[in-house]
Amino acid sequence: MDSCLMIWSMRPQMRAYRFVGHKDAVMCVQFSPSGHLVASGSRDKTVRLWVPSVKGESTVFKAHTGTVRSVHFSNDGQSLVTASDDKTIKVWMVHRQKFLFSLSQHINWVRCARFSPDGRLIVSASDDKTVKLWDKTSRECIHSFCEHGGFVNHVDFHPSGTCIAAAGTDNTVKVWDVRMNRLLQHYQVHSAVVNGLSFHPSGNYLVTASNDSTLKILDLLEGRLLYTLHGHQGPATCVAFSRAGDLFASGGSDEQVMVWKTNFDAADYGDVLKTQKSVTSVDGTHHTLQSEMDCGVHLKKTKPQDSDRNHAQQEEETSLANTLEHIMGQLDVLTQTVSILEQRLTLTEDKLKECLENQQKIIQNKMS
């Protein structure tokens, strides 16, 4: 792993920023709510605050004595919480660039720490197989969740702040109610370690990333797997929704960063559930049509008007046109995916050919 930070623009033909400053691998990164700052944590035991501009200026925060694995801004952008292999969680004041306090009841590496949406609570996940809930004001641990079979790689708050989700090395995703401290949902949808997760801003969906190389979209209202996404050639290490929820990005050990487009909540959720149409996804498995992610169909709510059939027909034609437009968009995505797979197949064939040629040369040398 390199020690640089890369920031890409979503605008076409805009070059990426490459920031250099950390002395070892960068483990985590996050934009501030305003987008004016970027925080990063590294194996060099430091936290850096960057101004995302051409100059790439940064300020160093030093207090941890181990690898920093997690950085997270509070929703008001005033505080930063970090988690480290030194078994502590540290809270910082952003604008004064000042260390405030440590939370230190974990007895092993702390892999992740997150503020609640209102900033009153902090949740942390550790290799000691616990997920701890902290009161920021009193600085005390108010509850420990110990139900995971392994340790938890990643944890985050639901946008409502009423529950948390945790991604575990036991291949599971668990959702807990932080008011009643009880397990709400338990998902066993991955075949390998779950590395990361992210709530959709609506709170209706959860996306997860796993060592089985897939991303999974979970429908939290129905409590089931909605979709499986293939793209990474190797473990998918992290995933996050954009603030608007129209995009999410994933990273993997294949050195690829992928940006995915969603159409969540484009149609009324209740209407989507009522359709109950069955469609076949790209990977050949059947799903009930729940959102535009499944097949790209944009559902429009139309009101029956018996007195004006022409108006109803016009609405139907408009809906059909929208449907066809979204289907074409999905076909474009599939075409691009096939193109990428063809390129990777060509590279694999070239490498295989090279290996065979080298093997033949070795055999010939031995015979001679």
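The exercises below work through strands, contacts and a surface patch in a predicted model.

Local features are taken from this predicted model at pLDDT of at least 70 and side-chain atom pairs only at pLDDT 80 or more, whereas totals for chains, interfaces and linings use all residues. Residues are numbered from 1 along each chain as its sequence is written, and side-chain values use heavy atoms, with hydrogens and water left out.

**Exercise 1. Describe the sheet that contains S3 and S6, and state which strands stand at its edges.**

Solution. Begin with the strand order, where strands are DSSP runs of E with at least two residues, and helices runs of H or I with at least four, both numbered from the N terminus. The open sheet has four strands in the order S3-S4-S5-S6, with antiparallel pairing; two strands count as paired if DSSP finds at least two bridges between them. Next, look at the edges: strand S3 (26-31) and strand S6 (58-62) each have a single partner strand, so one side of each is left without a neighbour in the sheet. Neighbouring strands here are turned by 20° against each other on average, direction ignored, the axes being lines fitted to C-alpha atoms, for helices over the stretch in contact, with angles from 0 to 180 degrees between N-to-C directions. Finally, inside the sheet, strand S4 (residues 38-42) and S5 run antiparallel and are joined by four bridges, and Ala39 stands opposite Leu49 in S5.

**Exercise 2. Classify the ring pair of Phe19 and Trp50, and locate both residues in the chain.**

Solution. The criterion comes first: rings of Phe, Tyr and Trp (its six-membered ring) pair if their centres lie within 6.5 Å, with planes under 30 degrees apart counted as stacked, over 60 as edge-to-face and the rest as tilted. The whole structure holds seven aromatic pairs. For Phe19 and Trp50 the centres are 5.4 Å apart and the planes stand at 15°, so the pair is stacked. Phe19 belongs to strand S2 (residues 17-20) and Trp50 to strand S5 (residues 46-50), so that the pair links distant parts of the chain, 31 residues apart.

**Exercise 3. Find what Arg111 pairs with, and place the contact relative to the sheet S11-S12-S13-S14.**

Solution. A salt bridge requires a side-chain nitrogen of Lys or Arg within 4 Å of a carboxyl oxygen of Asp or Glu, and a search of the whole structure finds four. Arg111 forms one with Asp127, the closest N and O atoms being 2.6 Å apart. Because Arg111 lies in strand S11 and Asp127 in the loop between strand S12 (121-126) and S13, the pair ties together parts that are 16 residues apart in sequence. The open sheet itself has four strands, ordered S11-S12-S13-S14, with antiparallel pairing. Strand S11 (110-115) and strand S14 (140-145) are its edge strands, each with a single partner. Strand S13 (residues 131-135) pairs with S14 over five bridges, and Trp134 stands opposite Cys141 in S14.

**Exercise 4. Describe how S9 and S10 are connected, and identify the turn residue with a positive phi.**

Solution. Strand S9 (residues 89-93) and strand S10 (residues 98-103) pair in the antiparallel sense over five bridges, with Val91 opposite Phe101 in S10. The two strands form a hairpin with four residues between them, and Gln97 in the turn has a positive phi of about 55°.
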